[in-house]
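Here is a short set of exercises to work through with the model open beside you. Try each task before reading its solution.

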Amino acid sequence: MSFINYASREINCKIVYYGPGLCGKTANLQYIYDKTSPQAKGQLISLATETDRTLFFDFLPLDLGTVRGFRTRFHLYTVPGQVFYEASRKLILKGVDGVVFVADSQRERMDANLELLENLKNNLREHGFDIMTIPYVLQFNKRDLPNIVSYDEMYRLLNIKGEPTFEAVAPQGMGVFETLKAVAKLVLQELSKK
Amino acid sequence: MSMLGPNLVMYEEEFERINSILGRLWVDANAKIVFLVDKNGQQIAAKGDLEKVDTTSLASLTAGNVAATDGLARLIGEKEFSILFHEGERDNIHISIVAQRLILVVIFDERSSLGLVRLRVRKAAQELEEVLNDMANKAAQQGQAPVSPFAEITDEDIDNLFSE
C-alpha cells in the first residue's frame with residue numbers, strides 16, 4: 001500500500017522481512033544499515049527484548065534517490081520470528097508492498113521455515129494479499145554453516161512461484177543487497193502497472 | 001473497507017488543505033509538534049518544531065503503537081481505541097484516529113493542557129475527515145486512478161537507485 005504524494009513528489013514503499021526465529025532478518029537490516037551512506041538512511045529502530053530477540057519489529061527507512069522525479073523511500077521492517085509473537089507478526093504485514101522471506105539453511109530448521117511460510121501465506125490473505133501476486137523474494141541465509149540443505153533441495157521445498165531466490169550470509173553481507181534490490185525492483189514494477 | 005481504496009494518492013490541493021488544518025491546530029492547541037501519519041506508518045504532513053525529532057521514526061513507531069492497541073481492542077471486543085495518551089515528565093503525546101485510517105499526533109508540554117488539546121483535536125479531526133471525503137469523491141468521479149509516474153520505469157532506472 002504505497003503512498004504516493006504528488007504534492008511533495010515522494011513515494012514510500014513498505015517491505016517486510018519475514019521468516020522463522022533466528023533466521024537472520026534483523027541481520028539483513030543491520031548489514032544494510034551499516035553499509036548505507038548516512039544521507040540515505042534514517043535510524044535503525046529495534047524493538048527487541050533484553051536478549052536481542054525482536055519483540056515487535058525493526059524498522060529502517062532508506063532513501064534511494066529519485067525515480068522519474070519522485071523521491072523513492074523504502075521502509076524496511078522485520079517481524080518477530082518466534083512462534084508466540086504471532087499477533088504482533090500479523091500487524092506488521094498491514095499495508096505491505098513487498099515481502100522477503102528469509103529461510104534458515106540449517107537442516108534442523110526446515111520445519112520452522114515451512115511453518116512460517118504457511119503462516120506468511122495465511123497472514124497475507126488476512127490482510128487481503130495473495131502471495132502469488134505480491135512482490136516476493138526468497139533468501140536462503142546462513143550458507144556458511146556446515147549442516148545446511150542444498151540449494152536445489154531448499155528451492156524445491158520453499159520456492160512457491162519461481163520468485164527470485166538468493167543465497168546469503170547476512171552478517172557478512174553476501175546476498176543482502178541482491179535480495180533488497182530484487183524486491184525493490186518488483187515493488188516498483190508493480191507500481192508501474194497501477 | 002477504507003474509503004480511499006488501497007493506495008492513497010494526494011495532490012497539491014488536498015496537501016495544502018491538510019497543511020493548513022495542521023498549522024491551525026498547532027497554534028490553537030499550543031502544541032510543539034503536530035503530525036499526520038497513515039496507519040501503515042507513512043508520514044503525510046507535519047507542523048512545528050521538527051528539527052529536534054526524527055519524524056520518520058516517530059511515524060513508524062506511532063503506527064506500530066496504534067496497530068498494537070487496535071489488536072488489544074479487538075481482543076477485548078472493542079472496535080478501536082480512538083484516543084491514546086502518553087504522559088511524560090516534560091512532553092506528552094496525544095494520538096487520535098481520524099476516519100479510521102489516519103493518525104493525528106500532537107506533542108505538547110506544560111504550555112498547553114490535555115483538555116485544550118482534546119478540544120482542538122476534535123475540530124481538526126472533523127476538518128481532516130472532510131478533506132478525506134473530498135479526496136474519495138474526487139477519486140470516485142475520476143474513476144480510474146491517474147497514470148502512475150512509474151508507468152514507464154525501466155530496469156535502468158531501478159539499477160541507478162542502487163548505484164552509489
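**Exercise 1. Describe helix H3 of chain A, from its end back to its packing.**

Solution. Begin just past the helix: H3(A) is followed by Gly128(A), which has a positive phi, near 85 degrees. Helices here are DSSP runs of H or I with at least four residues, strands are runs of E with at least two, and both are numbered from the N terminus. Before going further, note that this is a predicted model, in which local features need pLDDT of at least 70 and side-chain atom pairs count only at pLDDT 80 or more, while totals for chains, interfaces and linings use all residues. Residues are numbered from 1 along each chain as its sequence is written, chains are lettered from A and ligands numbered from 1 in the order in which they are written, and side-chain values use heavy atoms, with hydrogens and water left out.

Next, check the length. The 17 residues of H3(A), residues 110-126, should span 24 Å at 1.5 Å a residue, and the end C-alpha atoms are 24 Å apart, which agrees. The expected span is 1.5 Å times one less than the number of residues.

Then look at what H3(A) hides. Its buried residues include Met110(A), Leu116(A), Leu120(A) and Leu124(A), along with Asn113(A), Asn119(A) and Asn123(A). Buried means under 20% relative accessible area, exposed over 50%, and partly exposed in between (1.4 Å probe, protein chains only). The buried residues of H3(A) pack against strand S2 (10-18), helix H2 (86-92), strand S6 (98-104), strand S7 (136-141) and H4 of chain A; contact means heavy atoms within 4.5 Å.

**Exercise 2. Work out the surroundings of Asn159(A).**

Solution. First, place the residue: Asn159(A) sits in the loop between helix H4 (151-158) and strand S8 (165-167) of chain A. Is Asn159(A) buried or exposed? With a relative accessible area of 13%, Asn159(A) is buried.

Now list its partners. The side chain of Asn159(A) reaches the backbone nitrogen of Gly162(A) at 2.6 Å. Setting aside neighbours within four places in sequence, Asn159(A) is in contact with Leu138(A), Met154(A) and Thr165(A).

**Exercise 3. Compare the settings of three salt bridges.**

Solution. Start with the rule: a salt bridge is a side-chain nitrogen of Lys or Arg within 4 Å of a carboxyl oxygen of Asp or Glu. Over all chains, the structure holds 19 salt bridges.

- Asp104(A) and Lys142(A) meet at 3.2 Å, N to O. Asp104(A) lies in strand S6 and Lys142(A) in the loop between S7 and H4 of chain A, so the pair ties together parts that are 38 residues apart in sequence. Both Asp104(A) and Lys142(A) are buried.
- Glu153(A) pairs with Arg107(A), the closest N and O atoms being 3.4 Å apart. This pair links Glu153(A) in helix H4 with Arg107(A) in the loop between S6 and H3 of chain A, 46 residues apart. Glu153(A) is partly exposed at 27%, and Arg107(A) is partly exposed at 47%.
- Asp49(B) and Lys52(B) meet at 3.0 Å, N to O. Asp49(B) counts as partly exposed at 30% relative accessibility, while Lys52(B) counts as exposed at 69%.

To finish, look for a network: salt bridges that share partners join Glu10(A), Asp63(A), Arg71(A) and Arg73(A).

**Exercise 4. Examine two residues with a positive phi.**

Solution. Keep the background in mind: most residues other than glycine have a negative phi. Leu22(A), not a glycine, has a positive phi of about 65 degrees. Leu22(A) is found in the loop between S2 and helix H1 (25-35) of chain A, and is exposed, with a relative accessible area of 58%.

Turn to chain B. Asn30(B), also not a glycine, has a positive phi of about 55 degrees. Asn30(B) lies in the loop between H1 and strand S2 (33-38) of chain B, and counts as partly exposed at 41% relative accessibility.

**Exercise 5. Characterise the interface of chain B and chain A.**

Solution. Count the residues: the contact takes 39 residues from chain B and 40 residues from chain A. Across this interface the rule finds zero salt bridges.

Last, sort by element. H2(B) gives the largest share of the side of chain B that touches chain A, eight residues.

Note on methods. Polar contact = N/O pair within 3.5 Å; in protein donor to acceptor, adjacent residues only side chain to side chain.
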